[in-house]
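The following exercises are to be worked with the sequence and the coordinates at hand. Each task is followed by a solution in steps.

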Amino acid sequence: MKRKVNLQEFLTGRALLDTEIPVEKEVLEDSVQKGFVVKIEGLVDGRCMRCGNSDKHFLGEYPCFRCKTVCLYCRKCIEMGRISSCSKLYTWVGKPFTWPPSRCHWSGRLSEQQMDASKKIIEALKTGQDLLVWAVAGAGKTEMIFGGIEWALKHGKRIAVACPRTDVILELEPRLKAAFPETSIATLYGASEEKHVCAQLILSTTHQLFRFKNAFDLLVVDEVDAFPYSMDAELQLASKEAAKLDATTIYLTATPTREWQNDYFSGKRNGVHIPARFHRHPNPVPTMKWIGDWKKAISKKQVPASLHVWLSKQKNPFLLFFPHIELMNQALPLIQQITPNSLSVHAEDPDRKEKVQMLREGRIQGLLTTTILERGVTIKAVDVVVVGAEDKTFTEAALVQIAGRVGRSPDKPDGKVLFLHQGKTEEMIQAIKQIVTNNRIARERGLLDG
Amino acid sequence: MSFLKNLENLFETKVDKCLVCNNQIESTFGWFDIFCERPIRKLCLKCEKKFSKIFGDICRTCGRELRHLSIEYYQDGKCMDCIRWEKNNQQFLDRNTAIFNYNDFMKEIISRIKYRGDYKLMGIFNDLIVEKIDFFKKEEFIAIPIPLSEERHIERGFNQAEAFGKACGFHMIHALSRIHSEKQSKKSRSERLKTDQVFRLESLNLAGKKILLIDDIYTTGTTLQHASRILKVQGGAREVHSLTIARS
Ligand SMILES: [Zn+2]
Ligand SMILES: [Zn+2]
Ligand SMILES: [Zn+2]
Ligand SMILES: [Zn+2]
């Protein structure tokens, strides 16, 4: 169904296929004639003009019935509607649409360090610089961006808050909508209904940024280190292209790469570091313990001794991280003999949310998990163990994130983090070093109580 | 001429990543690769295992596996659906050959090809289906793809039945075209078969010929029966067989 939309509002800062634009063909062509809209080729020289892909594996050809030639098409972004050599992307080049100014209605109070970060974000916006916001898990990073968003809204600017993970987007949505009730906000992710809605403030998975070109004055990238953003150069390119040339990008992360950490400390990268949690207690520091050949033990249906000892003393709720799903599934029945109230969870588990909720409510004591729960999950009084911390899935960032699950509640700000390993890795050592450094800096700055 | 050549080469792009899951395909080839040209692999073992090939006792007419059906649903090597076509004198298709069962994986693959339009993915079939199609090639069948309506064809850019035929290496003749759109009417399937004309026969003499219809899935068989009827009644074809990727 073609509904009535304002083309200027709909197409400002976007590059869309005709099938994505809800106006009659004649209306669209008329705007092209009048010079408000330009048509861009879908693919140029073997490169997709929407997602930037030029990898041969992600390109295909077909005998095209529409243009009667062999058409090249992009497989990389095909989920967003196939783009072929004979497709055109339409983009608005007339006077850009402007949204009425709106403001922030959040009435909470920022901590001293949140306030500092908020000021730095606004400063970065005013001077058109990029900024790294390195904030430990539990620092309250969402509230820190409210000030910057309000400043941008007041100046008629357009904003995108993007994150690689849909979970995070869904969690952010109600908080942003509550803080900015007058602002037009659209949430975009794979299955979202609002895909074709246009708004001033866009909340989006990094993937969906492909639909925008030269649109944003402020781009906030949350969890910049999280898969797949950190691994996919094309996604990074997409977020660059979605932003205006003079845009400010704010990179939010609890675990910047070692390179970014060094660049920050040496002053090469503009940044703000928030080393302490909102509740002013230190970040729990992991301990390391030898576990022996744990894979062999599990295959012989034994729980490795050090894990057995830990579990039989455990009173609090716990998360056990495993590097591989197969080993985790083999371990579950063995662990249930020690702590019967345990379940396991993995990425494709349809009951994922329900199981986490059960742990939160104390209906189960323990949850065995793959790295899927390394981020975003908060459970009061939880302790965590990483089984096989030497595995290559457990990078420095992953281990710091996992440790970040512990001690989140102000009523219970401490807890145990244990790395059970079959040989210490550089990643484990760096992770612990990062946490210790955060605590030291926090103490020096007077951000910790007691 | 170069257009035709291009078509032949369509499925020959060098790929070392799995077309389905995009993971690197672990090579099982040895040192002779250095001297011989390595065959191109399009599917990883993990994905290949997810296909369910049709085998064992099958319905003589529609090619579905019989062993999953309860005993009252087949008789003399034919399933009840096919027996019903016969009883109503609507059985024009001599035999369908389907390669795979329509499991969740197959459902995903077909929808990725058909609805998302990922033509290249059809290439995964050319290594998987060799044995069953050799017969049709030796017997000199005339291969005819089930056509799409003009409107749908423009929308998709290609016809998935034709793409499948091409992946099998058939030289196809476009002897049929659609009159109606594919949208299913509210009439029952026997009503539809009696009253509606779905296809038009393009002027071609098929008298006494053996035909192989090509389609993506055999679901109820209605489409293939329609096509078979016109090919036999109007075109004078002697036999009409069909080949589909899957039997649902
Ligand atoms: Zn693309
Ligand atoms: Zn084309
Ligand atoms: Zn695969
Ligand atoms: Zn049958």
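The exercises below concern a predicted model.

**Exercise 1. The metal site**

Determine which atoms coordinate the zinc ion (ligand 1), and classify the arrangement of the donors.

Solution. Step one is to list the donors: the SG atoms of A:Cys48, A:Cys51, A:Cys74 and A:Cys77 coordinate the zinc ion (ligand 1) at 2.3 Å. Step two is to examine the angles. Four donors count as tetrahedral if all angles lie between 85 and 135 degrees. The angles subtended here run from 104 to 112 degrees, and the arrangement is therefore tetrahedral. Step three is to read the spacing of the donor residues in sequence, which is C-x2-C-x22-C-x2-C. Step four is to place one pair of donors in the chain: A:Cys51 belongs to the loop between β4 (47–48) and β5 (59–63) of chain A, and A:Cys77 to the loop between β6 (70–74) and β7 (88–92) of chain A. The two are 26 residues apart, so that the pair links distant parts of the chain.

Step five concerns exposure, for which buried means under 20% relative accessible area. A:Cys51 counts as buried because its relative accessibility is 2%, and A:Cys77 is buried at 1%.

**Exercise 2. Aromatic pairs**

Classify the ring pair of A:Tyr62 and B:Phe158, and state where its members lie.

Solution. A pair of aromatic rings is described by the distance of the centres and the angle of the planes. Over all chains the count comes to 22 aromatic pairs. For A:Tyr62 and B:Phe158 the centres are 5.6 Å apart and the planes 65 degrees apart, an edge-to-face pair. The pair crosses between chains: A:Tyr62 is in strand β5 of chain A, and B:Phe158 is in the loop between α6 (150–156) and α7 (160–167) of chain B. A:Tyr62 is buried, with a relative accessible area of 0%, and B:Phe158 is buried as well, at 2%.

**Exercise 3. Charges over rings**

Identify the ring over which the charged end of A:Arg269 sits, and likewise for B:Lys137.

Solution. The charged end of A:Arg269 sits over the ring of A:Trp260, 3.7 Å from its centre. For B:Lys137, the ring is that of B:Phe170, with 5.4 Å to its centre.

**Exercise 4. Internal space**

How many cavities of 30 Å³ or more are there, and which helices supply at least two residues of the lining of the largest cavity?

Solution. The count is three cavities of 30 Å³ or more. The largest cavity holds about 120 Å³ of space. Its lining includes A:Arg277, A:Asn283 and A:Asn438. At least two lining residues come from each of α12 (396–403) and α13 (426–444) of chain A.

Definitions and conventions:
Residues numbered from 1 in each chain as written. Chains lettered and ligands numbered in written order. Predicted model: local features only at pLDDT ≥ 70, side-chain atom pairs only at ≥ 80, totals over all residues. Heavy atoms only, no water. Donors = N, O, S within 2.8 Å, 3.2 Å for Na, K, Ca; no water. Tetrahedral: all angles 85-135°; square planar, octahedral: opposite > 155°, others 65-115°. Helix = DSSP H or I, 4+ residues; strand = E, 2+ residues; numbered from the N terminus. Buried < 20%, exposed > 50% of the residue type's maximum accessible area, 1.4 Å probe, protein only. Phe/Tyr/Trp six-rings, centres within 6.5 Å; stacked < 30°, edge-to-face > 60°. Lys NZ or Arg CZ within 6 Å of the ring centre and 35° of its normal. 1 Å grid on protein atoms, 1.4 Å probe; cavity = no way out; pocket = protein on both sides within 12 Å on 5 of 7 lines; lining within 4 Å. Points joined across faces, edges and corners; volume = space filled by probe spheres on them.
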